[in-house]
Amino acid sequence: MKPKALIIANIEAYLLEPLSAAGFKFSPSQLTFKRAQDEFVQAIHFQANRHNEEDVCAAFWSHYQVSSRACTSWHKARYGYEPVNNIVGEVADWNIKNWQFPVIDGKQDKEHQLVDPAHRATVMACLRDNLLELALPWLDHHSNWENAALALVEAHDSHARACDFYLMAGKQEQALWALNEGIAYWERNPKASYPQEKEEIALRMEKYAYA
């Protein structure tokens with residue numbers, strides 16, 4: 001069986017039932033599950049290893065994303081142009097706290113490898129447990145403007161976007177805090193500075209801090 005077909009077959013065998021029961025819909029062509037949660041869309045995407053080869057390698061990783069069209073329309077109304085994307089939060093499986101990969105033949109690899117029939121049940125059962133116990137709570141936690149904003153600030157990812165998320169939640173003081181955290185971060189880490197992010201922070205400081 002070709003790698004993609006093998007991956008789809010195992011996803012459907014182990015994950016389709018519990019995720020469908022949770023409201024997700026599966027697109028085999030895109031290797032993606034999606035569900036709507038209020039104004040957010042939660043997505044689970046399986047990325048196949050580009051080196052997959054029939055009977056040699058059939059590996060993949062999982063990625064988790066929360067997006068919202070609401071932030072696009074909000075941003076355009078406030079600033080006159082659309083943001084680069086409508087992503088609220090995203091993470092790869094290996095970056096989720098406490099995520100465990102199965103140990104096969106005494107080794108732990110950061111991918112889900114299905115080429116050996118003897119190991120498929122172990123690999124997929126481990127993925128299912130991680131997904132249900134860790135990934136779904138991550139998606140639910142980040143389907144909240146305040147939680148998503150705080151995660152961005154803590155990761156030093158995008159303080160300007162964190163400001164926007166706080167404002168969407170009606171949290172003016174936290175929005176200003178996020179901007180000040182961004183300014184302080186760039187002052188501490190000048191070599192990590194992105195001019196566009198500085199411009200975005202300055203725009204928001206002018207618009208909100210002195211309103």
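**Exercise 1. The cavity**

How much space lies in the largest cavity? Find the volume, then describe the lining.

*Solution.*
Step 1. The model is predicted. A search of the whole structure turns up one cavity of 30 Å³ or more.
Step 2. The largest cavity holds about 60 Å³ of space.
Step 3. Its lining consists of Cys-71, Trp-74, His-75, Pro-83, Arg-161, Asp-164, Phe-165 and Met-168.
Step 4. Sort these by element. Helix H3 (69–79) and H6 each give two or more residues. H6 gives the most, with four residues.
Step 5. Sort them by class. Five are nonpolar, one is polar and two are charged.

**Exercise 2. Helix H6 and Asp-164**

Decide how far helix H6 is enclosed, then place Asp-164 in its surroundings.

*Solution.*
Step 1. Apply the cut-off for burial, under 20% relative accessible area. Nine of the ten residues of H6 are buried, so the helix is largely enclosed by the rest of the structure.
Step 2. Name the buried residues. They are His-159, Ala-160, Arg-161, Ala-162, Cys-163, Asp-164, Phe-165, Tyr-166 and Leu-167.
Step 3. Take Asp-164, which lies in H6. Its relative accessible area is 5%, so Asp-164 is buried.
Step 4. List its partners, leaving aside neighbours within four places in sequence. Asp-164 touches Trp-74, His-75, Tyr-79 and Arg-204.
Step 5. Look for a polar partner. The side chains of Asp-164 and Tyr-79 make a polar contact at 2.8 Å.
Step 6. Look past the end of the helix. Gly-170 follows H6 and has a positive phi, near 80 degrees.

**Exercise 3. Two pockets**

Describe the largest and the second largest pocket by volume, lining and class.

*Solution.*
Step 1. Start with the largest pocket, which contains about 740 Å³ of space. It is lined by 29 residues, and Asn-85, Leu-152, Asp-157, Ser-158 and Arg-161 are the closest to its centre.
Step 2. Trace the lining to its elements. Strand E5 (87–92) and helices H4 (120–142), H5 (145–154), H6 (159–168) and H8 (195–209) each supply at least two residues. E5 has the largest share, five residues.
Step 3. Split the lining of the largest pocket by class: 14 nonpolar, seven polar and eight charged.
Step 4. Turn to the second largest pocket, with a volume of about 280 Å³. Of its 13 lining residues, Ile-104, Lys-107, Asp-109, Gln-113 and His-119 lie nearest the centre. Strands E7 (107–108) and E8 (112–113) are the elements that give two or more residues to this lining.
Step 5. Split the lining of the second largest pocket in the same way: four nonpolar, four polar and five charged.

**Exercise 4. The nonpolar core**

Which residues have the most contacts inside the largest nonpolar core? Follow one of them outward.

*Solution.*
Step 1. Recall the background. Nonpolar side chains tend to be buried together in soluble globular proteins.
Step 2. The largest nonpolar core has 53 residues, and Leu-15, Phe-33, Ile-44, Phe-46, Tyr-64 and Leu-131 have the most contacts inside it. H4 contributes the largest share, eight residues.
Step 3. Pick Ile-44. Leaving aside neighbours within four places in sequence, its contacts include Leu-19, Phe-24, Leu-31, Phe-33, Tyr-64 and Leu-131.

**Exercise 5. The whole chain**

Summarise the chain by elements, extent, burial and contacts.

*Solution.*
Step 1. Count elements: eight helices and eight strands.
Step 2. Give the extent. The C-alpha trace spans about 65 × 35 × 25 Å along its principal axes.
Step 3. Give the burial. Of the 211 residues, 43% count as buried.
Step 4. Take contacts between residues at least 6 apart in sequence. Of these, 54% join residues at least 24 apart.

Technical notes: Residues are numbered from 1 along each chain as its sequence is written. This is a predicted model: local features need pLDDT of at least 70, side-chain atom pairs count only at pLDDT 80 or more; totals for chains, interfaces and linings use all residues. Side-chain values use heavy atoms; hydrogens and water are left out. On a 1 Å grid over the protein atoms alone, a cavity is a set of points where a 1.4 Å probe fits but cannot get out, and a pocket is an open set with protein on both sides within 12 Å along at least five of seven lines; lining residues have an atom within 4 Å of a point. Grid points are joined across faces, edges and corners, and a volume is the space filled by probe spheres set on the points. Ala, Val, Leu, Ile, Met, Phe, Trp, Tyr, Cys and Pro count as nonpolar, Asp, Glu, Lys and Arg as charged, and the others, Gly among them, as polar. A nonpolar core is a set of buried Ala, Val, Leu, Ile, Met, Phe, Trp, Tyr and Cys residues joined through side-chain atoms within 4.5 Å. Buried means under 20% relative accessible area, exposed over 50%, partly exposed in between (1.4 Å probe, protein chains only). Contact means heavy atoms within 4.5 Å. A polar contact is a pair of N or O atoms within 3.5 Å; within protein, one must be able to donate a hydrogen and the other to accept it, and residues adjacent in sequence count only if both atoms are side-chain atoms.
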